[in-house]
Structure formats: C-alpha cells, structure tokens
Amino acid sequence: MGIFAVSLLSSCDKNTESEPSIAGIAVANDDFSVLEDAAVRGGVVGVLSNRNPGDPAGNYTVFAPNNAAFARLGLRSAADLNVLNRDFLTSTLYYHVTGGTVSGSALQNGLVSPSALGPGRRIINRNGTLYVNGSRILLTDVKASNGTVHAVDKVLLATGADIVQSALALNNRQVFVQPELTFLVEAVLYANLQGTLSGPGPFTVFAPNDQAFRTLLTALQVTPGSPAGYVPADVRKLPVNTVTAVLLQHVIPGSKFTPELPESSSTGSAGGAPVTFGPFVDGTLTVKGGGNGTSVANMVIPDVLCTNGVVHVIDRVLLP
C-alpha cells in the first residue's frame, strides 16, 4: 500500500467512534497540508467541515490532491498559493468535490462524475491504473464524517469555458495574478484562428507558455519590441502563414487527457504534420513536432478541461 497510504489510514483510525470531517482529514495528515492551506484561502473549509445539505446522507466525495500534486504546479506552501487568483482557486477546489457518495468500486473506466463546479470528471483506465482526468487515483474510500476521500496525484483543473476563452482568462490575470499565454493569444488573433478554437471541437491543444515563445523568437533572431525584451506583438513580425502553420501543429482532434495519449508514437495534427509523443512517465508525456529535431516540449500544466476540449500547457513551441 505504501507509506503514504498507511499513514493516511492510520491517522483516520485514531478515533473510530467519531470520524473526522473531510477538512479534518486534511488537517490531520501532513501530506495534505497544501490542500488545507488552499481550502482556507479558497474559503471552502466550512463546506468540507460540515454535512452536505443537498444529500440525504449528508455526504460529499472529494478527490484530494496531495502535496506532491500541488508541487507539480510549483505550489509548495501557503505563500505559493498567492500566485493564483482567489476566485480561480475556489472554483478549482469545487471541481474536486461531488455531492453524495461515489465509492471506489464505482470508479470504472468511462464513468463521468459530476462536480460541484459543474464540469464532469472522466475516469480512465490505462493499463490497469485508474485516473480521474489525468490524475492518478492513489487511494480510495477514506471515510469521513461527511463523506468519502479519494487521494490523487495531480490537481484537477477545469475552466468552464472554451479553449480561446480559457487562454484569455490566463492572459487577463483571472487564473494567475500575473498574465500567462499572452503570446499564444496574440498568435491566435493574428492567425484568425479564434473562431475555430472556440468551435465545438473537441480539440486537444498543446499551449506554449510565454517563455516558449520568447525562446522561439530569440532563435529566429526577431528584434525585441521593447527594451525589456519580447512583447506579444512581436509574434506579428513573422509571416502570418508561418504563424498559422505553427499554431495548427499544436492541435490534434479529440479531447485527450494525458492517460489517453499514445506514448512513444505519433498522431496527425490539424496542420497535417505529425505530433510525436514520448513515453508516458509519472502521468505526462513529452511532445514535439517534426521541426523540433531532438528538442522536446514538457507539459508544465497538463490536463486542463475546457468546454470544447483539453489543454496541456507546454514549455516549447512545436514546429511542423
């Protein structure tokens, strides 16, 4: 079962006559300290401490990210959580919550579990290992006085918006307090692809972060538009046909979380050129285009559910 699981169960067994609440389980286990901090900052401690008034049995089910899950996003302490917009943090926490009881035995491949936020979570079986969206389920059926906890190894992310609106939310500081994906948003507008990526899809999009675009512009020796360095408008110094072809390299059909992507193989992009995936390791895969040579992109924020697909934020621009 592992040290983590044994520690969790032993702490929950300390008082068998009076089980702790879901919030109490987080407080009692050091491996959930960041989740505890997130619940405080996100204002959901009261919800997770009390019985669910909307369920006859008073229960919630929570997919609980451990500290390592938050660390994947660079969130290792209460102070780190300040990089997130508070409203986004609250919404993210609600995405981990379901009203009622969803037992471990019900977590079968293909199940779509509704969330308190609204968007569902998909259960995926990859080679005998269960995932919720792209998060591996580490432990199931930890009982609390107000429900059930399943531990997971990644933070679940959903925007409640389409891919373009989700990118704009990052651009407009609605996710992080500092803007992100600003170069990608500029590139999509320049190539006039916003209508397509707002459509029904579904799409899987590999979204290069701002540093990925700065690295590409440096390699192409584009003159920075500011004394402080590159700005998003510098993308428009490249031919629009080139930018369009590059962006289409980042889109594949279907709505694919990381456990559903084909490891060590290729698939066709919306532009026609292949996208090649590396091995499936620790819940993510590297990805590259034909023009990237041996350089691969890493997923820095994988498995973001949008209304018309899934976005994986990556650290390198994919070239056809």
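Which side chains meet in a salt bridge at 3.8 Å, N to O? In this predicted model, the side chains of Arg 136 and Asp 153 form that contact. Arg 136 belongs to strand S6 (residues 135–144), while Asp 153 sits in the loop between strand S7 (147–152) and strand S8 (157–158), so the salt bridge ties together parts that are 17 residues apart in sequence. Arg 136 is partly exposed, with a relative accessible area of 34%, whereas Asp 153, at 8%, counts as buried. Through shared partners, salt bridges join Arg 72, Arg 136, Asp 153 and Asp 282 into one network.

The count of salt bridges comes to eight, and the table lists some of them.

| Salt bridge | Distance, N to O |
|---|---|
| Arg 72 and Asp 282 | 3.0 Å |
| Arg 126 and Glu 263 | 3.6 Å |
| Arg 136 and Asp 153 | 3.8 Å |

The pair Arg 72 and Asp 282 links distant parts of the chain, 210 residues apart, with Arg 72 in the loop between helix H5 (67–71) and helix H6 (86–95) and Asp 282 in the loop between S12 and S13. Arg 72 is partly exposed at 30% relative accessible area, and Asp 282 is exposed at 56%. In the pair Arg 126 and Glu 263, Arg 126 is buried at 13%, while Glu 263 is partly exposed at 33%.

Strands S12 and S13 also belong to an open sheet of three strands, which has the order S11-S12-S13 and antiparallel pairing. Its edge strands are S11 (266–268) and S13 (287–289), each of which pairs on one side only. Strand S12 (residues 274–277) pairs with S13 over three bridges, and Thr 276 has Lys 288 in S13 as its bridge partner.

Notes: Residues numbered from 1 in each chain as written. Predicted model: local features only at pLDDT ≥ 70, side-chain atom pairs only at ≥ 80, totals over all residues. Heavy atoms only, no water. Pairing = 2+ DSSP bridges. Helix = DSSP H or I, 4+ residues; strand = E, 2+ residues; numbered from the N terminus. Salt bridge = Lys/Arg side-chain N within 4 Å of Asp/Glu carboxyl O. Buried < 20%, exposed > 50% of the residue type's maximum accessible area, 1.4 Å probe, protein only.
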